[in-house]
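Q: I would like some practice in reading helix packing and burial. Could we work through an example together?

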Amino acid sequence: MLRQDPHSYYDSAQPKARRMRLKLGVDFAAKRLEGDVVLEFGKAFSGPLDLDSKGLEILTVQVPGLGPIPWELGDPDTILGQRLRLQVPSGTQEVAITYRTGPEAMALQWLEPEQTEGKSSPYLFSQCQQIHARTMVPCQDTPMVRMAYQAEVNVPEGLTAVMSAGPVGDEALGGGRHVYRFSMPQPIPSYLLALAVGRLESRDLSPRARVWAEPETVAAAAWEFAGVEDMIQKAEGLFGAYPWDRYDMLVLPPSFPYGGMENPRMTFLTPTLLAGDRSLVDVVAHELAHSWTGNLVTNASMEHFWLNEGFTVWAERRILRILHGDDAAALGWAMGQKALEDSLERFEKEPHLTLLRMHLEGIDPDDAFSSIPYEKGARLVAALEREVGEDRFLRFIREYMDAFRFTSITTEQFCAFVDEKLPDALAAVNAHAYLDEPGMPATAPEFRSLPLDTITALAEGWAAGKRPSEAQISAWKPAELQVYLQRLPRQLTQADCVWLDERFQLMGRGNYEILVEWLTLAAAADYEPAFPRIREVLLRVGRMKYLRPLYGALSQHARTRQLAREIFAAASPGYHGLSRRVVQSVLEAYPA
Ligand code: BES
Ligand code: ZN
């Protein structure tokens with residue numbers, strides 16, 4: 001037995017599935033998917049086959065043409081779920097499993113009509129990363145395995161299904177049902193399987209890019225993301241032809257727990273990006289960059305997650321620099337620095353979670369999630385880039401993506417490749433300190449610019465009475481204001497809050513990064529005028545990046561702690577299961 005991914009029952013002595021054929025019925029009343037999956041192996045084999053499953057109700061297992069075969073579910077593990085072991089007879093090339101998802105399936109959020117913009121129809125979306133695909137379909141749920149897939153999704157008439165795949169037709173079935181068919185010809189890891197069903201409309205943004213959203217938001221979404229084709233072309237200039245045919249996006253309801261998710265051919269996005277001024281499109285640059293760094297070359301397991309996210313943050317800022325210049329990129333790095341510092345502080349007592357090469361046996365990957373693989377990882381990539389020079393590094397990146405396209409690799413494989421192509425570079429940047437030591441190496445690259453230095457000096461001078469001038473206040477772009485707020489002292493007085501809100505009109509901001517940064521400061525200052533807005537945001541939005549700091553800041557004073565509990569009681573039924581867990585852990589850290 002060879003289990004190489006601590007988060008999967010996949011046994012690398014057994015064959016890998018090559019393709020998956022899915023047929024799913026979407027039952028909004030029962031909040032379940034029901035259907036069958038056929039796993040194709042592309043060659044005959046026999047013996048035990050171990051799959052991942054969590055909360056699934058397995059109904060039948062058979063070899064098509066041959067009939068039922070023996071199977072058993074192992075004991076449930078809180079992180080991994082249950083091993084589904086099939087006994088496969090000789091000559092088998094594919095297995096078929098009929099099943100139903102459980103009511104608690106973490107990959108799925110079933111929304112009531114009231115939780116959508118239109119308030120008229122239910123909505124379903126999936127989020128499989130890191131290890132939730134197994135709550136949606138029995139499979140080898142590890143990025144070590146890549147599968148092409150095709151799917152048929154049967155939904156109530158009037159609703160539309162989209163997936164991380166190309167659409168290949170749809171038809172009315174009668175009886176109030178409609179079927180949508182999809183095909184993903186390129187092999188993807190299970191965490192990139194994705195499905196959403198709702199009242200959806202789309203707008204074309206270019207011949208290969210389109211945005212989907214509820215009818216109420218689709219026009220705003222089309223405006224916000226109108227620049228995506230330009231972004232794709234800039235990324236192609238860096239990393240080579242876009243490898244996935246179409247780049248479509250779906251703007252989800254506000255409970256979506258992430259900012260974005262790089263589902264191939266259908267990036268999922270939080271509606272909090274719809275700032276009305278295109279100021280938050282860096283998230284699209286990030287998800288688009290995953291089309292190369294991640295979806296094309298990904299991590300073999302979550303222990304090497306930095307290869308996925310660290311490279312993507314670096315790539316995102318490389319695209320940003322081409323689109324908006326050096327100063328904009330420096331601001332991006334500054335925002336990342338803040339996220340990195342917050343995560344290092346959060347894991348102060350768990351320094352093993354601050355390494356890039358992690359050891360995650362027995363650890364839930366959602367608990368290990370932080371900005372460290374993103375920002376420490378991106379700094380290692382940037383250090384290598386500085387060491388060998390931009391041109392040579394870009395050539396290296398293209399070779400790297402050619403060598404490993406459509407595979408999933410470990411840190412060791414990456415290092416061996418760097419040693420071969422850029423000899424001595426790893427030692428020169430002290431890569432060992434990033435990969436295997438906690439915290440940040442003292443030699444990590446810094447990113448500065450004149451505007452950033454000015455903003456930092458102003459923020460750091462707050463206690464000494466320094467304030468931005470009227471001219472500065474009106475000239476700052478959203479990203480500059482965001483960095484300024486991030487660098488202010490965490491503990492402001494109520495008078496400070498009044499000053500900031502008056503000068504910057506913060507309470508009414510449509511840019512959620514600015515709004516939440518402000519509300520976090522206000523909550524930590526026990527600033528009552530902000531309470532209604534905080535309540536509104538926490539009741540509407542389920543993005544974990546915002547919930548963690550807001551609930552954390554509210555937890556600091558007795559009165560706001562009470563408020564946090566009250567808001568959470570009202571908001572939690574609408575939160576995604578992942579978001580609920582994060583808030584619970586924050587609230588538990590500060591007992592009443
Ligand atoms: N793939 C991630 C989201 C993710 C990570 C989901 C781990 C589940 C587990 C996505 O690409 C991402 O990083 N999103 C960021 C945005 C980005 C600009 C840093 C987010 O959601 O905030
Ligand atoms: Zn990412």
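A: Gladly; we will go through two helix pairs, one single helix and one loop residue, keeping in mind that this is a predicted model.

Q: Let's start with packing. What describes two packed helices?

A: Two packed helices are described by the angle between their axes and by the distance between those axes. Take helix α14 (residues 478-487) and helix α16 (residues 512-524): their axes are 9 Å apart and the packing angle is about 20 degrees. An angle under 35 degrees counts as roughly parallel, and α14 and α16 are therefore roughly parallel to each other.

Q: Which handedness does the crossing of α14 and α16 have, and which residues make the contact?

A: The crossing of α14 with α16 is left-handed. On the α14 side the contact is made by Pro-478, Leu-481, Gln-482, Leu-485 and Gln-486, and on the α16 side by Glu-513, Ile-514, Glu-517, Trp-518 and Leu-521. By character, these residues divide into six nonpolar, two polar and two charged.

Q: And how do α17 and α18 cross?

A: The axes of helix α17 (residues 531-540) and helix α18 (residues 544-554) come within 11 Å and cross at roughly 140 degrees. Roughly antiparallel would need an angle over 145 degrees, so α17 and α18 are described as oblique to each other. Their crossing is left-handed. Ile-534, Val-537 and Leu-538 of α17 meet Leu-547, Leu-550, Tyr-551 and Leu-554 of α18. That contact holds seven nonpolar residues, no polar and no charged ones.

Q: Now a single helix. What spacing should I look for in the sequence when I ask which way residues point?

A: An α-helix has 3.6 residues a turn, so residues three or four places apart point the same way. In α20, the buried residues are Leu-578, Ser-579, Val-582, Val-583, Val-586 and Leu-587. Among the elements covering them are α6 (365-368), α18 and α19 (558-571).

Q: What span should helix α20 have?

A: At 1.5 Å a residue, the twelve residues of α20 (residues 577-588) should span 16 Å, and the end C-alpha atoms are indeed 16 Å apart, so the two values agree.

Q: One loop residue to finish: is Gly-259 buried or exposed?

A: Gly-259 lies in the loop between β16 (247-251) and β17 (260-261). Its relative accessibility is 10%, so Gly-259 counts as buried; the cut-off for buried is under 20%. Leaving aside residues up to four places away in sequence, Gly-259 touches Phe-268, Leu-269, Thr-270, Leu-273, Val-283 and Arg-543. The C-alpha atoms of Gly-259 and Val-284 are separated by 9.3 Å, with these positions 25 residues apart along the chain.

Conventions
Residues numbered from 1 in each chain as written. Chains lettered and ligands numbered in written order. Predicted model: local features only at pLDDT ≥ 70, side-chain atom pairs only at ≥ 80, totals over all residues. Heavy atoms only, no water. Axes fitted to C-alpha atoms, helices over the stretch in contact; angles between N-to-C directions. Helix = DSSP H or I, 4+ residues; strand = E, 2+ residues; numbered from the N terminus. Parallel < 35°, antiparallel > 145°, perpendicular 65-115°, else oblique. Left-handed = near helix turned anticlockwise from the far one by under 90°. Contact = heavy atoms within 4.5 Å. Nonpolar A, V, L, I, M, F, W, Y, C, P; charged D, E, K, R; others polar. Expected span 1.5 Å × (residues − 1). Buried < 20%, exposed > 50% of the residue type's maximum accessible area, 1.4 Å probe, protein only.
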